[in-house]
Amino acid sequence: MFEIEKATAAIDQADNLEALDALRVQFLGKNGEITLLLKTLGGMSPEERKEKGPAIQALREAVTDAIAARKAALESAALEAKLAAERLDMSLPAAPVPQGSVHPVSQVMDELAEIFADMGFAVATGPEIEDDWHNFTALNIPETHPARAMHDTFYFPDTDAEGRAMLLRTHTSPVQIRTMMSEKPPIRIIAPGRVYRSDSDATHTPMFHQVEGLVIDRGIHMGHLKWTLETFLKAFFERDDIVLRLRPSYFPFTEPSAEVDVGYAQEKGRRVVGGDGDAEGHAWMELLGSGMVNRRVIANCGLDPDEWQGFAFGVGVDRLAMLKYGMDDLRAFFDGDLRWLSHYGFSALSVPTLSGGISA
Ligand code: PHE
């Protein structure tokens, strides 16, 4: 005997759509319990059919309704579960997560450009493949000069059309020559870029970076040089207690020449620039080469050295980066190790500005 309460209870307890469909077949399928009841109507007398018919139809409707209601409930529960499982956290940062970083050398070059732009310097560039006239001869380093041998130069096997030896520039100083020959003074430029020397250990790599500074104007003297370097180093290291010491030195292209030392202290195993090198616990470290541009160099560029004077300096960019950001092995700069790059690299959005902070 079919019992409607048991049937609807079973339907209400069906816990998934497959179980519910099995019940539908059990009650309403071709040989379902209610289908069989409906079939018994055919064998009844009209009176009996009138009496039983509506009751059986009512059972069929009740079961159909119960199945529909349960189906709706199961479907909405499945939707809820799916929504919960696929929930999006709108507070997560946008994907993809930023990848890549600005290399410390690029960052420092941007910092230099920003600092010197504020002092009225433009950025100049020159070729990395140079001829020996621009790299040496014009800079007062003739062929027989021992400085040529000191530079550990990479030469190309062939000369250029004019018979000049071709080489990878050993310093950024040839940009001085190119600028003086192509621009009229007054000149104020910095020239950052790659330079090459056949040399390799923890503090030397065959390719490294320099920045050259050049000022050509009337009445320029070493006081201008010292002020410029002091102003630059204070802005770069972001501290006012930078103390410089100019030591007499020799470069063929400057006369007089000065090696510039900066005072530093040893803190937590690393050199921190600042303070007087002669003070307690402080020392001097050699930082850059500089001097008044040699009269012969000015004349080599077609300018009258009686009218135009100037100063020049050259400093290692990688060295500046190491001192400011605390790396201790230069070779790691050029290994391309992603762990090093993500540790020492800078966000592309942290653009150095004097107003916003040079190291951003
Ligand atoms: N070109 C020199 C070097 O590479 C540095 C320097 C530049 C010195 C300008 C004086 C003036 O060692």
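The following exchange between a trainee and a mentor walks through parts of this predicted model.

Mentor: Before we begin, local features in this predicted model need pLDDT of at least 70, side-chain atom pairs count only at pLDDT 80 or more, and totals for chains, interfaces and linings use all residues. Residues are numbered from 1 along each chain as its sequence is written, and side-chain values use heavy atoms, with hydrogens and water left out.

Trainee: How far apart do the C-alpha centres of domain 1 and domain 2 lie?

Mentor: The bounds come from an automatic or database domain assignment, which divides the chain into domain 1 (4–85) and domain 2 (104–344). Taken between their C-alpha centres, the separation of the two domains is 91 Å.

Trainee: Which strands stand at the edges of the open sheet, and why is one side of each left without a neighbour?

Mentor: Strands here are DSSP runs (E, at least two residues) and helices are runs of H or I with at least four, both numbered from the N terminus, while two strands pair if DSSP finds at least two bridges between them. Three strands form the open sheet, with antiparallel pairing, in the order 2-4-3. Each edge strand has a single partner strand, so one side of it has no neighbour in the sheet, and these edge strands are strand 2 (129–131) and strand 3 (155–159).

Trainee: Which residue of strand 4 is the bridge partner of I129?

Mentor: Strand 2 runs antiparallel to strand 4 (residues 165–168), and three bridges join them. Within strand 4, the bridge partner of I129 is L168.

Trainee: Is A321 buried or exposed?

Mentor: Buried means under 20% relative accessible area, exposed means over 50%, and partly exposed lies in between, using a 1.4 Å probe and protein chains only. A321 belongs to helix 11, a helix spanning residues 317–325 in which eight of the nine residues are buried. Because its relative accessibility is 0%, A321 counts as buried.

Trainee: How much of the ligand's accessible area does the protein cover?

Mentor: A residue is near the ligand if one of its heavy atoms lies within 4 Å of it, and of the 14 residues around the ligand, those that come nearest include S173, R197 and Q210. A polar side-chain atom of S173 lies 2.9 Å from a ligand nitrogen atom, while R197 has a polar side-chain atom 2.9 Å from an oxygen atom of the ligand. Accessible areas come from the Shrake-Rupley method with a 1.4 Å probe, and of the 330 Å² that the ligand has on its own, the protein covers 91%.

How values were computed
A polar contact is a pair of N or O atoms within 3.5 Å; within protein, one must be able to donate a hydrogen and the other to accept it, and residues adjacent in sequence count only if both atoms are side-chain atoms.
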